[in-house]
Amino acid sequence: MRTDAKDMTFSLAVAAFLVAASFLFFLLVHPYHLFFKEQIRLFIYTFEYTLSYLDKPGALSCFTGDFLTQFLYLRGGGAVVVSLLFLVEWIVATRVLRRFGCGMMTPLQALIPIIAEWFFFSRISYTPATSVSLILASLCFLAYSATGRKPVLMIAGVLFVPLLYCLAGAGMFLLALLVFFYEIYKRRGMLWPGFLIILIAGAYPLLVRHAYLLTAGQAYLYPSAGWQYAVPGMVMAGLAGVSMCFPKLKHRVTLRTFTFHLLALSVVFIVSLVYTVDRETEHILALASESYFGDRDRVHRLTEKGIPPHPVAAYYTNIAMSQRGELGDRLMEYYQPGASGLFLPVNPNTTWFNIFFSSDVHYYLGDMNMAQHSAMLGMIFSPAHRSSRMVKRLAEVNLALGDSTAAEKYLRMLDATLFHRKWAARMRETTTGKRPQPVTIDTIRRAEDYPAALKVLVKSDSDNRAALDYLLCYHLLNKDIPSFRSAFDTYYKEKAAYIPRVYGEALLVSLAAGKASEKEFKSYKFDTRLVKEFGEYTALYEKADGMLDPVRERFPSTYWLYYHFARMKEE
Amino acid sequence: MKNIRINILALGITLLHGLFLFSSCREIPVNVHEVGESPAIYPDYTEVTIPSSIAPLNFTYATETERMDVMFRGSEGGEISIQGKEAVIPPGKWKKLLDENRGGRLEVTVAVKQNGRWTRYLPFRIYVSEYPIDYGLAYRLVAPGYEIYSRMGIYERNLSDFTQRAILENTFIPGSCVNCHSFRETDTESLSLHVRGQHGGTVLKVGGETNILDLKTPETAGRGVYPYWHPSGKYIAYSQNDTRQVFHASNDKRVEVFDFSSDVTVYDVANNRMLTPPSLSTNGFETFPVFSPDGESLYFCLADFHRLPAEYAKVRYNLCRIAFDAETGRFGEKVDTLIRASEMEKSISFPRPSYDGRYIMYTLSDYGNFSIWHKEADLWLLDLQTGKNRLLDEVNSADTESYHSWSSNNRWFVFSSRRDDGLYTRLYLASIDEEGNVSKPFMLPQQTPGRYDPSFYSYNIPEFISAPVKLDVRKIEKQLLSGERTKAN
């Protein structure tokens with residue numbers, strides 16, 4: 001009795017640790033990874049939508065996974081969902097391992113597959129559907145192992161494998177492995193069910209993959225998106241196998257065994273954490289998500305911390321700077337990957353991750369046709385081909401275009417969601433005047449002809465300062481000084497009382513290169529300090545004779561440095 | 001396999017639905033307010049003509065309702081009464097009612113409960129045609145922004161029920177794009193299907209044999225767009241289009257697609273050779289080739305050369321014809337112009353002759369050949385017997401009508417339209433009788449007709465099919481991935 005109470009206390013302590021640690025981790029360390037998982041999926045409460053899950057294997061896993069994913073939209077919701085999912089998985093893993101005779105250390109041993117899961121949960125492409133798949137497979141094993149020696153039930157278990165593939169997808173392999181080990185462990189005289197189930201599980205995806213129109217790799221992994229995501233299941237099956245082979249593990253908790261397990265687990269946990277925490281991606285996703293949530297203050301705070309060298313980070317920082325009217329002054333204060341930090345390219349060589357965010361700048365600048373195009377591609381290219389964030393964007397674009405019929409299609413879709421329906425209602429109430437104004441001048445241009453699009457926006461609305469800044473900065477980042485000068489003189493020079501620092505630096509380069517007259521020079525009303533600095537820079541640059549370091553040390557965030565030393569990469 | 005699964009599922013849904021209807025008490029409408037107008041149902045099935053084998057025309061009310069009470073009464077007998085939030089018709093009863101009323105009509109009475117109050121509308125009619133319709137439709141489902149591709153596929157839909165089956169999806173061959181499927185009339189045993197991408201090729205199925213073709217020759221780019229079979233099955237006409245997509249800046253137009261160059265070629269199936277007559281590879285733009293039903297002519301669209309993209313709005317296509325001898329594979333010397341649309345400052349796309357040779361249906365827009373993005377695009381019908389050329393007012397809408405095709409008996413046609421939301425094309429079917437009278441079109445029946453349409457895909461290139469498409473997907477995958485191609489000469 002006292003031992004049972006100790007076991008219970010021990011289990012509760014482990015469970016509490018697991019829930020608390022995972023909750024805090026996903027609340028404080030990786031919250032934006034979870035927000036993003038929700039943004040690249042969409043869960044609609046309609047019958048037809050539910051039916052669509054049957055098109056591929058693992059229907060129940062995917063359905064449940066997407067159902068859970070919708071809660072990741074809430075601040076703190078992701079941490080709750082993930083920690084509860086881990087708890088369920090841990091409870092099931094504990095039960096499974098106990099069937100293999102694991103002893104009192106089972107609560108600690110059952111943490112190992114969960115830690116592996118934890119490790120992968122922080123990857124963008126990992127979905128809760130994979131976790132649900134493992135839980136379903138484990139529950140099926142518990143049901144199977146409860147059948148005793150009745151051959152009819154065992155046959156039913158064997159036949160259940162194909163059904164489990166339809167419901168849980170690749171989780172079926174966990175069931176097959178567990179049954180295989182279990183039959184060896186428990187029923188030494190009757191091994192055929194184990195072998196049969198392994199055979200069926202191995203062959204079944206290949207047999208049905210053409211009906212599901214999947215490649216062999218996809219058929220064996222669905223709903224996971226990579227081989228690595230099979231690791232938690234393999235770890236669980238491996239633990240069962242090890243427990244079976246090493247019956248000494250059944251011993252009771254002693255100080256020595258406890259210490260050993262705790263040390264081993266701590267090492268696994270720390271190593272996992274070190275590899276799990278991806279601060280760079282988290283920072284990028286934070287910028288992208290807070291920009292999506294419309295929290296400009298948070299975006300500003302994130303940009304002030306310094307950004308990782310990634311086009312998406314530069315992209316959102318540029319948008320934030322433009323919103324604050326500081327783009328022309330601070331363009332060179334942070335990482336710039338050329339013009340692809342202003343517009344994320346959409347072409348066959350671009351990753352889906354970059355395509356997904358590409359509509360934001362077009363919407364911000366008022367280029368609605370491109371915003372719609374990018375949003376459609378962003379959604380279709382996202383892993384599940386349906387995205388709540390992109391549906392919202394498509395609704396916004398069509399409202400801005402005045403196409404209420406098209407907008408309603410998306411708004412009605414959002415009406416059928418749990419957490420976006422209020423947003424849809426708000427959008428219907430928003431008056432047209434509060435939305436970006438569509439352009440009135442028509443022309444055609446290729447998707448990647450950004451200067452043409454920006455010129456139309458500037459001509460269409462002379463108050464569109466953001467489009468003008470983007471046009472000037474586009475030329476600057478491409479080191480196209482003549483085009484910058486031409487655009488500046490045409491759209492900016494007469495109106496501006498103040499020349500932003502980066503524009504001033506570029507103008508000085510242009511004037512110096514063109515050996516401008518004094519009259520021409522004076523027409524720009526430069527800050528005298530800037531002109532003095534340019535003189536100092538020129539002298540230092542000539543003295544340095546092509547060496548970067550001395551120039552960078554003295555003029556670290558200047559366009560002059562970018563102009564002379566940044567190398568343009570071929571797209 | 002998938003068919004079985006879907007059928008089991010459909011059965012389950014019907015049972016569940018029946019159970020729901022049974023369990024939810026039927027309410028007898030009381031204090032009904034009668035109004036003298038037709039009900040605003042979605043999809044709009046009022047006064048439409050349908051084939052007797054069509055799937056149930058489930059519908060909903062255009063605005064939120066608490067309950068609908070719907071009564072279908074056949075002119076030749078039989079009735080169905082249903083009640084619920086939507087009008088979901090039991091398939092068995094529907095089939096029986098249509099069988100009983102072939103050549104007759106159904107009178108449909110709709111009462112709607114909103115804010116606790118019942119309103120009954122004027123009854124409307126659904127006419128049940130005596131003309132049969134083919135087994136189903138094959139179409140592509142693709143997101144509207146098609147420039148680069150992620151997920152798309154070719155699907156078939158049984159018109160008697162709601163079963164949709166994937167014939168081929170591009171995720172099956174990662175990095176590919178499946179497009180431009182064509183059958184010999186509606187015969188699924190003769191199929192041409194182009195796959196683009198790293199493992200691309202033109203899939204040709206003739207009878208039980210499947211082959212992957214490389215149509216690239218020194219004279220042709222091998223693109224194999226807009227295929228159309230010769231009625232003998234010996235030839236397939238293709239156009240070779242170098243297509244580009246650009247975007248409008250203003251909000252009333254969105255996308256513009258045009259061909260930098262385009263020629264028409266014909267593939268000789270038996271001799272594995274490409275025919276490239278000079279009269280179909282001129283300096284102008286030739287596209288949309290289709291053979292006449294007697295096989296003695298090739299219709300196509302032709303526009304004068306213009307500098308692109310600057311003069312995109314000046315490119316206007318006329319409907320032309322050139323003689324073709326199927327025995328020798330030779331073309332006539334002279335190109336005739338059937339409709340000079342450019343003189344009306346209009347442009348023709350997708351000419352499709354009926355299989356009895358009486359009509360050519362085509363799309364007319366202001367310019368260019370990618371009518372799907374032109375709101376003004378409408379369907380027109382040229383009667384080759386009388387020479388009468390008319391706008392199909394009966395089926396056109398304020399939005400785009402574009403791709404269309406004929407049923408094997410020429411009494412039905414299907415077309416794509418953007419009338420529902422202006423963005424995603426849906427399929428509509430209409431009937432045409434011996435005198436050329438065209439009925440009001442009806443939307444391809446939907447199992448769940450609700451207002452929450454969760455699809456992000458447009459229906460594209462709909463074609464009637466007489467039977468399910470039997471494609472050996474295993475073999476096609478193996479052939480595509482192996483890189484082995486039958487190179488056309």
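In this predicted model, nine residues of domain 2 of chain A are in contact with seven residues of domain 3 of chain A. On the domain 2 side of this contact, helix 15 (279-293) and helix 17 (311-323) of chain A each supply at least two residues. Helix 17 of chain A provides the largest share of that side, namely four residues. Sorted by class, the side of domain 2 of chain A that touches domain 3 of chain A holds seven nonpolar and two polar residues, with no charged residues. The centres of the two domains, domain 2 and domain 3 of chain A, taken over C-alpha atoms, are separated by 21 Å.

These two domains belong to a wider division of chain A, set out below.

| Domain of chain A | Residues |
|---|---|
| Domain 1 | 93-277 |
| Domain 2 | 283-342 |
| Domain 3 | 345-438 |
| Domain 4 | 496-565 |

Chain A also meets chain B: 47 residues of chain A are in contact with 40 residues of chain B. The elements giving two or more residues to the chain A side include helix 3 (47-51), helix 11 (192-212), helix 23 (404-415) and helix 25 (450-460) of chain A. Helix 21 of chain A gives the most to this side, with 10 residues. By class, the side of chain A that touches chain B comprises 27 nonpolar, 12 polar and eight charged residues.

Strand 1 (444-445) of chain A is likewise among the elements that give two or more residues to this side. Strand 1 of chain A pairs with strand 18 (residues 235-248) of chain B in the antiparallel sense, over two bridges. Within strand 18 of chain B, B:Phe247 is the bridge partner of A:Arg445.

Definitions and conventions
Residues are numbered from 1 along each chain as its sequence is written. Chains are lettered from A and ligands numbered from 1 in the order in which they are written. This is a predicted model: local features need pLDDT of at least 70, side-chain atom pairs count only at pLDDT 80 or more; totals for chains, interfaces and linings use all residues. Domain bounds come from an automatic or database domain assignment. Two residues are in contact if their C-beta atoms, placed from the backbone, lie within 7 Å. Ala, Val, Leu, Ile, Met, Phe, Trp, Tyr, Cys and Pro count as nonpolar, Asp, Glu, Lys and Arg as charged, and the others, Gly among them, as polar. Two strands pair if DSSP finds at least two bridges between them.
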